[in-house]
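Trainee: I would like to go through this structure with you, one helix and a few charged pairs at a time.
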Amino acid sequence: MSNSFSGVIGIDLGTTNSCVAYLRPDGTPLTIPNREGDLITPSVVYFEDDLIIVGKEAKRAGALSPESAAVCVKRDIGLPEFSHRVAGKRQRPEVLSALVLKRLREDAEAKIGPVTDAVITVPAYFDDLRRKATQDAGKLAGLNVLDIINEPTAAALAYAFDSEIHIGGRNGEFLSQLSTRPEITLVYDLGGGTFDVSLVRMSPDTFETLATDGDVQLGGYDWDTRLVHFLAEEFHREHGSEPCSDPESLAWLYQVAEETKLALSARQSTRALVMHDGKRSAVTVTRDKFNELTADLLLRTETTAQLLVEGVELTWGDVDRVLLVGGMTRAPQITDMLHRVTGRTPDTSLSADESVAHGAAIHGGILRSKSGPQPVEPLVERQKQWARFTTIDVNAHSLGIAVRDVSTGLYGNSILIPKNTPLPISQTEVFRTHDEHQSKVRVRVLEGEASDAEACRQIGVFDVEGLAPNLPKGSPIEICCSYTADGRIHVSGKDVTSGSIAEISIHRTGDMKADEIEQSRNELDAIRIT
Ligand code: AMP
C-alpha cells in the first residue's frame, strides 16, 4: 500500500463494526484492512488484566466473559457513563470509543504511515452531546478530528464518486448529468445499533440534505434481541430453564441469534443451537418466523421514512433513488419493504460495510482541496473537481431555550431553530434581566420537539457573564444560538445596553471537560492495544 495519501483518513465509527479508508494517490477511496486483514473491525473492547483487546478477538472473548467486554458503546456515547461496569469499573463511552479509534489508527498507520487528521462519521440523528463526545473520542485517540460528517451524507458522496468512475471515468459525467435534473435520493441506513433516513438532493456541485430522521436506539442488535427471546422461550419449553438469566448463556445466545439472522438473509430456514446449564436445544427458525418476530421494528423504520417524505411535501414518485447503507440492509425484509413502499428497487451497489468510511475519506479530500497544501499529482485533477463541491446538512433536532411561563412557573421549550433547517444557521433572541444589577444570565439550551422543556434533551447551561454594572431590571440581552455545518451548537451573548459581547461559559450536561480530555489522552497514549 502506498505511503502517499491525502493526509486524512475517513472513519466510520460504527455501533457494531468500524471501518477506515483513505484516498489513494489517484484520488479514489480505499478501505485500509486491519492487522487481521479484515476490512471491518468489530467495535468491541475487552479488558483482560492489564491487556486491552479491541476487535474480532475482543468480540470472541466477550462472548465467553461478557462482564469484561464493552459492546454497542455508540448507543451510550454522549452519556456521562457507559450503561454497565466493564471489568468492574465505570467507564466513559468516549474513552471506550477512543480505544476502538486508537486501534483503527494504529492499524491504518501500519499500512499507510503516520496519520494525524481524520474525518469521523456520525448518524445524522446524533444530537450535540453525542457529536461532541465523538469528537472528544477522536482527540483521546490522538487524532486531529478535521470534521464530523453525517453518515448518509458520506454514503451519498461515496455513491456519487463511484458513479462518476463507472459512468464517466474522470470526465464528470455523473455530476454533469445532474445539471439537467437534480436527483433526490433516499438514504436508508440501518446499522448494528442506529437507524437513519435522509433525503438528499444531488446537483452537480451540491449535495443538500432536505430532511433527516431516525432512531439512535434501533438497529440490528434489536433484531438479534427478538431472536434471543424466541430461542430462549423454545429452550425453556424443552428444558424448563431460562438461558437469559445467566450472563454467559445470554452472551452466547446473542452470538447464535446474530448468526441465525445472517443465515436467514441467505436462506428460508436454519437451525440454531442454544446451550445453557449443560443442556442444548436445536431450534428451527424460518425466515417467516423471523419476519413475524421483528415486524414492528421494520414498521418503525417504514413509518419514519414515510413521514420524512411527507414532511417535505414530496411523494415517493419524487424520489429517484433508494440507497441502502448499513449491514442490516442485507436482510431481505428491508429490501422487500422498501420496494413495496417506494415502488423502486433499492440500490445495493454500494458496499454496505465500506461506503460510509469511503465517503468520509472523500470529504477529507474535499476539505484538503479547499484549504490544505497543494496535493501531489495525480490527486490534483480529482481534487480540482471536488474543490467546488459543497455538502449541506440539516439539524435533526429543533434547537430551543427553556423559558419560564410566569403564570404556571413551568419551563417551556422556546424553539429558535426548527428541525431540518439547512446548516450553518444562527438565530438571535432578546431576553430581559429579571433583577436589578444582574451580572449574568443563565440560558438552558435544549434539543427536541416537545413544548415542555423537561421532555427535551438538555444540551447544557450557558452562562452569559460580565454584563455591564448597575443594569436596571428588564435590560435586554441578546442571545445568539447557532448550528455550525457539522451540527454542533454554539451560543453567544451581547449586552445590548453596553453593546459589549458577553463572555459565555458553557456547562454541557455530562461531557468531558478540557482537563479531563488532556489527562485521559495522556493515559491512553501509554496504553498498548492488542
Ligand atoms: P453495521 O453497523 O453497518 O456494521 O451493521 C452491522 C449490523 O448488520 C449487525 O447487526 C449485523 O448483524 C447486521 N448484518 C450484517 N450482515 C448482515 C446480513 N447478511 N443479514 C442481516 N444482517 C446483517
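Trainee: Are α1 and α7 parallel, perpendicular or oblique to each other?
Mentor: Bear in mind that this is a predicted model. The axes of α1 and α7 lie 7 Å apart, and the packing angle is about 130°. Angles that are neither under 35, over 145 nor from 65 to 115 degrees count as oblique. The two helices, α1 and α7, are therefore oblique.

Trainee: Which residues of α7 are met by α1?
Mentor: The α1 side of this contact consists of K59, G62, A63 and L64. By class, the contact has 4 nonpolar, 2 polar and 3 charged residues. On the α7 side, the residues are E248, A251, W252, Q255 and E258.

Trainee: K56 is also in α1; which residue does its side chain meet in a salt bridge?
Mentor: The partner lies in the loop between β3 and β4, 18 residues from K56. K56 counts as partly exposed because its relative accessibility is 34%. The N to O distance is 2.8 Å, and the partner is D38.

Trainee: Is D136, the salt-bridge partner of K132, buried or exposed?
Mentor: K132 and D136 have their closest N and O atoms 2.7 Å apart. They are 4 residues apart in helix α3, so about one helical turn separates them. Buried means under 20% relative accessible area. D136 has 2% relative accessibility and therefore counts as buried.

Trainee: How far apart in the chain are D511 and K132?
Mentor: D511 and K132 form a salt bridge, with 3.0 Å between the closest N and O atoms. D511 is in the loop between β24 and α13, whereas K132 is in helix α3; the separation is 379 residues.

Conventions. Residues are numbered from 1 along each chain as its sequence is written. This is a predicted model: local features need pLDDT of at least 70, side-chain atom pairs count only at pLDDT 80 or more; totals for chains, interfaces and linings use all residues. Side-chain values use heavy atoms; hydrogens and water are left out. Axes are lines fitted to C-alpha atoms, for helices over the stretch in contact, and angles run from 0 to 180 degrees between N-to-C directions. Contact means heavy atoms within 4.5 Å. Ala, Val, Leu, Ile, Met, Phe, Trp, Tyr, Cys and Pro count as nonpolar, Asp, Glu, Lys and Arg as charged, and the others, Gly among them, as polar. A salt bridge is a side-chain nitrogen of Lys or Arg within 4 Å of a carboxyl oxygen of Asp or Glu. Buried means under 20% relative accessible area, exposed over 50%, partly exposed in between (1.4 Å probe, protein chains only).
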